[in-house]
Amino acid sequence: MLKIVFFADTHLGVDYPIKPKVDRRRRGEDFFNNYKKVLDYAIESKADLVVHGGDFFFRSKVPASIVDKAYDILYDFAENEIPFVIVPGNHERSVLPSSILMNHKNIYIFDEPSTFFFKKKNAVIGITGFPNIRNGIRLQFEQIFTEAIEGNPDVDIKLLLMHQAIQESKIEGYTFRYGIDVLPLEMLPADYQAILSGHIHKAQVFYYEKKENRIPVIYPGSTERTSVVEMVEEKGFYEIIFEESETGWKLLETKFHILPTRPMVRLDITRLTEDERVLRNLLEAELSKLDKDSVVRLRCEIPETRKLLKAELLRELTPKTMTLTLAPVYQKRKGWI
Ligand SMILES: [Mn+2]
């Protein structure tokens, strides 16, 4: 048996101010905690490989202290002799911030299309990957893939790792199908055991068929909710298990492991009032009904009421254990988020 732990879209650095001006509960630590939980699980369960599908950080320019904190954890993990393979995502502008820590012998970064090989148990695993292509993956994939597998030997387990939207992948209320930024299923190879990808924040597995093979496309999704669109989604990572059979190594199982997340709720204030006491009572009552660790997105479109929603008042009324943000007023062009 051979085990791969696969996660993606850790978005480290979200809500993690270096010098916070106000003392309130942030979400930054939640993102780091789930990142650490996945790595701890890999160590405890004696995983053979850990794979990250990109968007390691929340944006391309990250404060040095966040880079150091994230890399310190990764460096400690890499000392366990479990290889860590990562493909840069769109938030890395397809290149991860460089650091001397990333020169560790057990950390493998796809900074160009290529294939890394690992000998585990008595199998040779080849992971083919390429950094995120921002524009026109459909037009570029064939050439990139050819470049990535050039001269490769035949191996026992072939995996393809990327950070792209693949045809049939879903987010809440939408399925990616066509367009130059969507990779058509028919372009994917016939002789791979699985396609692993980051980018889509909703965890999912779907299949495509090619030359009698039924091949899974696996998205672990993000390890924390990055927007209200993900409010109802469960967050976690996949454990992919391979087993040796008489005809070679086969993918036996993909197990989803749920990571803890704080409840995310949307609170709408629809009452018209110009009296601060009325608003105060209303908000206090609403917040008292929520789980004490809630991440609250407050929305108010009534101009008179909204005027009263000053940062100071919100800070005063929000329990210390909650994180509350006031949503910007709806803009027709941009939508809610
Ligand atoms: Mn992402």
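**Exercise 1. Work out how strands β3 and β4 pair, and place them in their sheet.**

*Solution.* Start with the pair itself. In this predicted model, strand β3 (residues 84–86) runs parallel to β4, and three bridges link the two. For a landmark, look at isoleucine 86: its bridge partner in β4 is isoleucine 109.

Next, step back to the whole sheet. It is an open sheet of six strands in the order β4-β3-β2-β1-β15-β16, and the pairing is mixed. At the edges you will find β4 (107–109) and β16 (248–258), each of which pairs on one side only. On average, neighbouring strands of this sheet are turned by 20 degrees against each other, direction ignored.

Now add the helix. Helix α1 (residues 28–44) packs on this sheet, where it touches β1 (2–7), β2 (49–52), β15 (236–245) and β16. The direction of α1 makes about 175 degrees with that of β1.

**Exercise 2. Find the strand order of the sheet that holds β5 and β13, and explain why one side of each of these strands has no neighbour.**

*Solution.* Begin with the order, which is β5-β6-β7-β12-β14-β13: an open sheet of six strands with mixed pairing. β5 (114–120) and β13 (204–210) stand at its edges; each has a single partner strand, so one side of each is left without a neighbour in the sheet. From one strand to the next, the twist averages 25 degrees.

A reminder helps before going on: strands of a sheet pair through backbone hydrogen bonds, in either a parallel or an antiparallel way.

Then take the β13 edge. Here the partner is strand β14 (residues 213–219), and the two are antiparallel, with seven bridges. Lysine 210 stands opposite asparagine 213 of β14.

**Exercise 3. Follow the chain from β5 to β7.**

*Solution.* First comes β5 to β6. These strands run antiparallel, and seven bridges join β5 to strand β6 (residues 123–129). Phenylalanine 117 has glycine 126 in β6 as its bridge partner. The two strands form a hairpin with two residues between them. In that turn, lysine 121 has a positive phi of about 55 degrees.

Second comes β6 to β7. Strand β7 (residues 157–163) pairs with β6 in the parallel sense over five bridges, and isoleucine 125 is matched by isoleucine 157 in β7. Between these strands the chain crosses through helix α3 (residues 137–149), making a right-handed β-α-β crossover.

**Exercise 4. Describe how domain 1 and domain 2 are placed and where they touch.**

*Solution.* Set the bounds first: the domain assignment gives domain 1 as 2–258 and domain 2 as 264–326. Taken over C-alpha atoms, the domain centres are separated by 37 Å. For the contact, eight residues of domain 1 meet ten residues of domain 2. On the domain 1 side, the residues that touch domain 2 are three nonpolar, no polar and five charged.

**Exercise 5. Decide whether valine 265 is buried, partly exposed or exposed.**

*Solution.* Locate the residue: valine 265 lies in strand β17 (residues 264–269). Then count its surroundings, which come to 19 other C-beta atoms within 10 Å. A residue counts as buried at 20 or more and as exposed at 12 or fewer, so valine 265 is partly exposed.

Finally, list its company. Leaving aside neighbours within four places in sequence, valine 265 is in contact with Leu290, Ser294 and Val296. Its C-alpha atom is 7.1 Å from that of methionine 231, a residue 34 places away along the chain.

Definitions and conventions
Residues are numbered from 1 along each chain as its sequence is written. This is a predicted model: local features need pLDDT of at least 70, side-chain atom pairs count only at pLDDT 80 or more; totals for chains, interfaces and linings use all residues. Two strands pair if DSSP finds at least two bridges between them. Helices (H or I, at least four residues) and strands (E, at least two) are DSSP runs, numbered from the N terminus. Axes are lines fitted to C-alpha atoms, for helices over the stretch in contact, and angles run from 0 to 180 degrees between N-to-C directions. Two residues are in contact if their C-beta atoms, placed from the backbone, lie within 7 Å. A crossover is right-handed if, with the strands pointing away from the viewer, the path from the first strand over the helix to the second runs clockwise. Domain bounds come from an automatic or database domain assignment. Ala, Val, Leu, Ile, Met, Phe, Trp, Tyr, Cys and Pro count as nonpolar, Asp, Glu, Lys and Arg as charged, and the others, Gly among them, as polar.
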